[in-house]
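Here is a quick tour for someone meeting this structure for the first time. Have a look around, then read on for the ligand and the charged pairs.

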Amino acid sequence: MSKVYICTAIPYVNGNPHIGHAMDYLLADTYARFCRKNGDEVRFEVGTDEHGNKVFSTAAKNGLPVEEYASQNSQKFQDFIQKLNISFTDTIRTTDPDHMRRCQEIWQRLEAHIYAADYDGWYCEGCERFVTQKEYDETGGVCPDHQKPYERLTEKNYYLRIADFRDEIKRQIEANEMQILPEFRKQEVLRLLEDTPDISISRPKKQLSWGVPVPGDDSQVMYVWMDALSNYITILGYPDQDISAWWPATAQFVGKDILRFHTITWPAILLGLGLPLPKTIVSHGHVLADGQKMSKSVGNVVDPLEVVERHGLEAFRYYFSRHIDTFADSDFTWQKFDDAYNNELANDLGNLVQRLAALCRKNQITGHEVRVEFAPVYCDLMQKFEFSKAFNYVWGEVQGINKLIDQTKPWELAKLGNQAKTEAVMGELVDKLLHVTTMLEPFLPDTATKIYEIFSTTEIIAPPTTPLFPKA
Ligand code: MSP
């Protein structure tokens with residue numbers, strides 16, 4: 001048994017959760033459940049990122065004091081996480097006083113690598129970062145993610161000296177001591193690392209007061225990323241407590257858009273503190289709506305609660321774990337979602353459960369014990385964080401059981417009066433379904449529980465009164 005620490009990106013609380021936000025949680029939850037099944041002890045953190053410009057200016061637009069606005073939205077994310085049945089163990093808000101005090105101590109411990117200077121450059125408020133002249137030129141001066149022109153800003157900032165850490169970060173990435181997945185993202189980061197300038201880690205308070213005060217300088221607050229990244233260790237009690245039982249993180253789940261912060265800024269902070277780097281950074285792709293990036297201005301943001309309402313939570317988890325590729329961008333459309341529900345969940349799995357349980361009842365077959373013995377191919381994919389591929393494998397097995405029923409035709413055996421053979425064939429089918437269900441469980445935990453209840457009984461197996469996935 002080993003200790004596994006899983007971290008998710010903490011979302012900004014400048015709006016409601018959307019379906020994209022589910023990705024960090026679902027991938028991390030699947031991994032957490034898989035590890036627990038393997039006997040590991042898991043700590044799994046979630047939280048909200050509440051400081052910075054974005055939150056401050058949206059609160060103002062909504063006419064609310066920023067503290068109140070942040071609290072309201074933080075609660076919405078908490079509710080969302082609960083609704084998705086995410087098995088987290090720890091939760092943090094970056095406005096927690098303990099977190100803020102710990103960030104200040106972290107800052108002080110990094111002082112040998114921090115200096116002050118004036119900075120003049122192009123800034124995107126949406127990204128909360130300055131862009132290089134090269135990025136400015138390549139995008140025609142408009143942020144491709146936020147569709148807003150960059151602003152020219154000059155300000156005093158504190159900087160974290162990247163040169164102090166560049167070689168070591170590079171070495172650890174190349175040696176996979178900090179593994180970056182998928183591989184093409186690792187190459188991207190290595191290229192980026194070459195040109196990364198020192199990182200601005202503060203903002204003048206007169207421009208933005210909503211942040212953690214910089215210790216020893218009343219005129220500055222910490223840059224939101226400095227404060228946000230630290231959450232992964234302040235939640236464990238750093239620096240008040242020894243965190244070595246849990247740190248380094250086994251896996252950190254982040255979207256592709258924030259990979260640079262997690263593979264350059266974050267490692268620089270950790271190395272400056274003398275802490276080890278996370279073992280793996282899993283960088284997932286984005287969810288698109290009808291082939292397009294979701295954005296409030298386009299008006300195509302899909303409300304995740306509406307998706308859960310449509311066919312229930314398990315259908316939500318199913319679609320986002322299997323049809324949204326773990327690493328590549330993938331599409332959500334209502335049509336694809338409905339088709340996946342009806343043709344796959346209801347037909348392949350729902351019908352299988354109903355049909356097999358009915359056959360069992362007819363032939364007086366009693367339930368079996370569940371044995372957890374993952375198929376090597378499945379284990380290998382899960383350990384490589386290839387979740388959508390692992391799920392495809394599991395689904396192939398589900399379809400395989402359907403085929404096996406058609407081939408073995410237990411009803412014909414029963415008609416011939418061959419009870420021993422019927423029992424043996426049916427027993428094998430039940431065993432197979434239970435075995436596949438153990439591999440399904442990290443993705444669809446409630447469905448797995450229902451299947452265990454039906455087939456892992458000491459009584460005669462009977463179909464559920466309502467189908468697992470009623471046809472819509
Ligand atoms: N607050 C920062 C993260 C700080 S971590 C120390 C942030 N917040 S966010 O709300 O913009 O994004 C939170 C997570 O959601 C990120 O991992 C981001 O990549 C992910 N996603 C946001 N939109 C997404 C999609 N459309 N699809 C998939 N994931 C997306 O960044």
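Let's start at the ligand. Helix 8 is the top contributor to the shell around it, giving three residues. Keep in mind that this is a predicted model.

**Around the ligand**

The shell around the ligand counts 24 residues, and those that come nearest are Ile10, Asp24, Asp49, Asp257 and Val287. What classes of residue make up the shell? There are 13 nonpolar, eight polar and three charged residues.

Some backbone atoms sit within reach of the ligand's own polar atoms. Ile10 has a backbone N or O atom 2.8 Å from a ligand nitrogen. For Tyr12, a backbone N or O atom lies 3.2 Å from an oxygen atom of the ligand. Gly20 joins in too, with a polar backbone atom 3.2 Å from a ligand nitrogen. How much of the ligand does the protein bury? Taken alone, the ligand exposes 650 Å², and 92% of that is buried by the protein. The elements giving two or more residues to the shell are helix 1 (22–37), helix 8 (224–229) and strand 11 (251–255).

**Salt bridges**

Now for the charged side chains. The structure holds 28 salt bridges. Three of them, with their N to O distances, are in this table.

| Pair | Distance |
|---|---|
| Glu135 and Arg260 | 3.8 Å |
| Lys170 and Glu194 | 3.8 Å |
| Arg355 and Asp406 | 2.5 Å |

What does the salt bridge between Glu135 and Arg260 tie together? Glu135 belongs to helix 5 (residues 133–138) and Arg260 to helix 10 (residues 259–273), so their pairing links parts that are 125 residues apart in sequence. Arg260 has a relative accessibility of 28%, so it counts as partly exposed.

Next come Lys170 and Glu194, whose side chains meet in a salt bridge. Lys170 is in helix 6 (residues 166–174) while Glu194 is in helix 7 (residues 183–195), so this pair ties together parts 24 residues apart in sequence. Are these two buried or partly exposed? Lys170 counts as partly exposed at 28% relative accessibility, and Glu194 is partly exposed as well, with a relative accessible area of 46%.

Then there's the pair of Arg355 and Asp406, with its closest N and O atoms 2.5 Å apart. Arg355 sits in helix 13 (residues 334–362) and Asp406 in helix 15 (residues 387–408), so the salt bridge joins parts that are 51 residues apart in sequence. Arg355 is partly exposed, at 30% relative accessible area. Asp406 also counts as partly exposed, with 39% relative accessibility.

Salt bridges can share partners too: in this way Asp98, Arg101, Arg102, Glu105 and Asp240 are joined into one network.

**A closer look at Arg322**

One more residue to find is Arg322, which lies in helix 12 (residues 313–323). Is Arg322 buried or exposed? Its relative accessibility is 16%, and buried means under 20%, so Arg322 counts as buried.

Which residues does Arg322 touch? Leaving aside neighbours within four places in sequence, Arg322 is in contact with Glu344, Ser388, Phe391, Asn392 and Trp395. With Glu344 there is a polar contact between the two side chains, at 3.2 Å.

How values were computed:
Residues numbered from 1 in each chain as written. Predicted model: local features only at pLDDT ≥ 70, side-chain atom pairs only at ≥ 80, totals over all residues. Heavy atoms only, no water. Near = heavy atom within 4 Å. Polar contact = N/O pair within 3.5 Å; in protein donor to acceptor, adjacent residues only side chain to side chain. Areas by Shrake-Rupley, 256 points an atom, 1.4 Å probe, with all protein chains shown as cover. Helix = DSSP H or I, 4+ residues; strand = E, 2+ residues; numbered from the N terminus. Nonpolar A, V, L, I, M, F, W, Y, C, P; charged D, E, K, R; others polar. Salt bridge = Lys/Arg side-chain N within 4 Å of Asp/Glu carboxyl O. Buried < 20%, exposed > 50% of the residue type's maximum accessible area, 1.4 Å probe, protein only. Contact = heavy atoms within 4.5 Å.
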